[in-house]
Amino acid sequence: MTPITTQTLENALTAKLMVSFGKTAAEATDGEMMRASALVLRDMMALREVETRQKARQQHARQVHYLSLEFLMGRSLMKNAYNLGLLPQLREALEHLGFKAADIFEIEPDAALGNGGLGRLAACYLDSMTTLEIPATGYSICYELGIFKQKIVEGQQVELPDNWKDLGAAWLMPKPAETQEVRFGGTVREFWDNGHLHIVNEDATVVQAVPCDMEIAGYGTEHVNVLRLWDARSTQPVDMSLFSRGEYLKAAEDEAMAETIAKVLYPEDNHLEGKSLRLKQQYFFVSATLQSIAAKHTELYGTMKNFHEKNVIQINDTHPALVIPELMRILIDDAGMDWDEAWDITTRSVAYTNHTVLSEALERWPQSLVEFLLPRVWQIILEISRRWQKKVEDFYHDPKKTEKMAIVWGGQVRMANLCIAGGMAVNGVSGLHSEILKKDVFRDAYGMEPWKFRNVTNGIDHRRWLSEINPGLDGLIRDLTGGDDYLLHPQALKKLDDYADDASVLERLGAIKRANKAAFAAHAKKTRGVELNPDAIFDVQVKRLHEYKRQLLNVLHIIALYQKLQDDPNAITQPHTFLFGAKAAPGYAVAKRIIRLINSLADQIDHDPICRDKLQVVFLENYRVSLAEQLMPASEVSQQISTAGKEASGTGNMKFMMNGALTVGTLDGANVEMHDLLGDENMFLFGLRADEVEQLKREGYVPQRLYNRDPVLHRCLDALRTGFRDGVRYDDLYQRLLFGAGGSPADEYFLLADFQAYCQAEKRMAETYRDQTAWNRMSLHNIARSGVFAADRAVAEYADNIWHVPHK
Ligand code: GL5
């Protein structure tokens with residue numbers, strides 16, 4: 001390949017502006033320039049993608065299909081330019097053409113087709129699968145609206161629609177010729193023809209699934225994979241035949257149903273929303289995906305009999321669980337196989353990743369809904385369920401276990417049990433989480449089929465989350481490790497450990513952090529009008545708002561600090577800034593109250609002169625991937641304080657660590673593995689362990705006792721009742737913690753039990769901060785040991801242990 005120069009890019013951009021927008025560079029807006037840049041890179045990737053695909057076909061390579069209802073891609077322009085090795089050239093070309101490169105990058109909307117960690121993980125894994133040269137495709141829905149935009153109005157969250165496609169659609173390549181038809185409702189009819197039994201779904205509502213492909217460039221490779229996003233259309237814009245038969249409403253209904261399927265991403269994180277539209281979304285994308293995989297497979301091999309040898313389907317949580325009955329349907333009804341052969345192929349093709357142990361997130365669908373919406377799939381689920389149940393009975397002879405492991409039970413379809421029955425592998429996402437799955441959540445299934453269970457600890461795209469977003473640190477790493485080797489071999493970061501006693505290195509590391517803090521402060525000032533003091537500790541908790549993640553514990557500690565300052569204005573010598581960012585699911589009232597509380601407290605502290613240059617609380621509006629990219633390099637303290645046993649892994653924790661922030665955290669999720677690498681001396685650990693939480697629950701936990709015993713805690717909680725200067729009271733949160741509410745027990749997430757230990761951990765942290773050399777050394781160790789949390793490592797483990805595909 002001839003190298004692409006700044007000049008080549010400049011020419012390509014100029015030409016693209018003309019042919020696509022009829023503009024010269026002098027006439028084009030920033031938005032048009034952003035789209036032209038996307039189109040130019042897309043063209044390059046499209047060429048490489050065709051080559052990648054042809055090569056895989058010729059080699060008859062095994063394909064990985066990664067199904068996820070969420071892909072939280074964020075912005076792509078800088079990332080694609082980076083991966084293609086063109087970032088400096090693109091910057092220069094844009095500047096030569098009279099644009100500010102930073103403005104062009106900044107104008108790109110986030111493709112926010114996901115809620116949080118689960119969706120971002122899928123995006124990171126696409127990058128690694130491509131970089132490791134694995135023939136892989138991601139599949140999801142082309143939501144018209146991504147996760148809502150959050151505005152804070154009078155301290156409260158307001159949701160606004162996220163029309164990301166206005167500019168973001170430049171990355172999408174529609175492939176209408178590969179449209180699939182997905183059928184809903186109707187009745188199942190069986191008939192014999194020429195000695196063959198045929199099963200058809202009659203009078204169904206047919207929805208068209210149109211693929212819109214997004215190219216994914218790998219780093220340091222010509223390999224390009226695709227994220228296939230399905231858009232939903234009605235079969236005909238208006239069904240004229242129905243009109244002429246006077247069925248006006250039916251025509252309109254079909255159209256409305258089709259159009260709503262891809263309308264909006266469900267904004268619940270770690271929570272099941274049992275709406276029929278959500279089930280339609282799941283089947284829509286699963287059926288379209290499998291039909292397109294099956295068509296390509298049959299075209300190449302002329303049979304479906306070797307499907308499992310050439311394909312592996314990884315499902316991201318249970319949301320795509322309908323792949324199991326849908327693949328059975330295709331193998332039996334379309335390919336004419338008998339049950340046993342179809343089951344053999346299915347159970348060698350599908351693997352399931354579990355991402356949560358929260359019971360409110362485990363998917364169960366009403367049997368009546370499945371039966372009505374997907375009559376043929378329902379028949380297959382029933383038969384899978386019957387056979388699985390028999391297997392369990394024969395193995396355990398224990399009605400309790402039969403009930404627990406059942407797929408269809410009590411009028412519900414339990415998706416996790418379906419995935420365990422129909423999958424070849426089940427994995428958790430951190431060591432602790434995978435153990436909890438085996439010992440607790442899926443204990444009986446593990447007892448029967450232990451070979452299916454394994455662990456793959458999550459990882460993040462370290463090229464995006466370190467090198468791309470933190471150029472200062474990237475420069476230091478290159479200098480210390482002798483080049484950019486770490487980009488493809490993240491364990492090379494380990495070499496940084498050798499510099500733990502090198503004063504100049506530690507100083508440089510501190511200076512990089514200081515510069516990143518100043519840059520973030522400037523950004524916050526420009527975009528939000530907030531003044532941040534770059535000399536303060538940047539103590540950060542950014543993640544979805546959820547009670548188990550315990551933002552409220554963080555708030556209680558800040559209240560305690562504030563009250564201490566009231567008693568003694570000199571109690572704080574080191575300025576301390578607490579930064580929060582979090583979206584709450586629109587229907588999650590308690591989460592929204594906690595957001596309001598954070599804002600009330602921030603306002604109180606802002607208006608109290610005692611706090612000036614000592615204490616500050618800031619709620620960052622609309623936390624999203626692109627904001628995280630600004631914030632991670634500037635963060636010094638990473639709050640990972642979930643109730644032990646509740647956070648499956650966490651991936652934000654890894655992003656902070658890689659950028660040199662020190663963790664204040666519990667032994668939960670991947671924090672456990674971080675602690676194994678860092679030891680007590682390089683993080684601020686506190687609180688109950690997972691087994692201790694369980695024990696306390698069994699013994700009977702009475703938070704009022706702690707309230708009565710601990711005067712600091714007592715005073716903090718009382719402050720919730722009275723509220724702050726804005727006059728809003730938080731008696732509801734007080735009641736929730738001390739007495740429980742709405743069916744949940746008092747202090748369900750053990751905030752009070754961990755309060756003292758947490759305050760002490762924060763105190764240790766603040767004391768350590770005073771010794772900047774010691775702090776920088778700890779920070780260096782964190783960066784040095786973060787290589788294992790690269791997504792490349794995680795994806796290589798999936799490839800070796802589950803998918804059995806070769807990789808670079
Ligand atoms: C999650 C878990 O809550 C996280 O702990 C985990 O890191 C992530 C990726 O495995 O998956 N499960 C889930 O439903 N969401 C998550 O972030 O949204």
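Which residues does Leu601 touch, not counting residues up to four places away in sequence? In this predicted model, Leu601 touches Val555, Ile558, Ile559, Val617 and Phe724, and following Leu601 outward is a useful way into the rest of the structure.

Leu601 is one of the buried residues of helix α24, among which are also Ala591, Ile594, Ile598 and Ile605. The helix itself runs over residues 589-606, and its 18 residues reach 26 Å from the first C-alpha to the last, close to the 26 Å expected at 1.5 Å a residue. The buried residues of α24 are covered by elements that include the strands β5 (149-153), β6 (156-160), β21 (576-581) and β22 (615-619), together with the helices α23 (551-567) and α31 (731-738).

Leu601 also belongs to the largest nonpolar core, which has 245 residues, and within which Phe284, Val323, Ile598 and Leu601 are the residues with the most contacts. This core draws at least three residues from each of domain 1 (60-75 + 110-458 + 796-803) and domain 2 (535-787).

These two domains come from the domain assignment of the protein, and their C-alpha centres lie 36 Å apart. The contact between them takes 37 residues from domain 1 and 31 residues from domain 2. On the side of domain 1 that touches domain 2, at least two residues each are supplied by β2 (71-74), α6 (117-131), β5, β6 and α18 (431-441), and by class this side has eleven nonpolar, 18 polar and eight charged residues. The strands β5 and β6, which supply residues to this side of domain 1, are also among the elements that cover the buried residues of α24.

The ligand, too, draws on both domains, since the shell around the ligand takes at least three residues from each of domain 1 and domain 2. In total 18 residues surround the ligand, and the closest are Gly117, Leu118, His355, Ala648 and Ser649. By class, this shell has five nonpolar, eleven polar and two charged residues.

A last stop is Leu265, found in the loop between α9 (248-261) and α10 (276-301). Is Leu265 buried or exposed? Leu265 counts as buried because it has 24 C-beta neighbours inside 10 Å, where 20 or more are needed. Leaving aside its neighbours within four places in sequence, Leu265 is in contact with Leu113, Tyr143, Leu145, Gly146 and Ile147. The C-alpha atoms of Leu265 and Asn622 are separated by 16 Å, although these residues are 357 residues apart along the chain.

How values were computed. Residues are numbered from 1 along each chain as its sequence is written. This is a predicted model: local features need pLDDT of at least 70, side-chain atom pairs count only at pLDDT 80 or more; totals for chains, interfaces and linings use all residues. A residue is near a molecule or strand if its C-beta atom, placed from the backbone, lies within 6 Å of it. Ala, Val, Leu, Ile, Met, Phe, Trp, Tyr, Cys and Pro count as nonpolar, Asp, Glu, Lys and Arg as charged, and the others, Gly among them, as polar. Domain bounds come from an automatic or database domain assignment. Helices (H or I, at least four residues) and strands (E, at least two) are DSSP runs, numbered from the N terminus. The expected span of a helix is 1.5 Å times one less than its number of residues. A residue is buried if 20 or more other C-beta atoms lie within 10 Å of its own, exposed if 12 or fewer, and partly exposed in between; C-beta atoms are placed from the backbone. Two residues are in contact if their C-beta atoms, placed from the backbone, lie within 7 Å. A nonpolar core is a set of buried Ala, Val, Leu, Ile, Met, Phe, Trp, Tyr and Cys residues joined through C-beta atoms within 7 Å.
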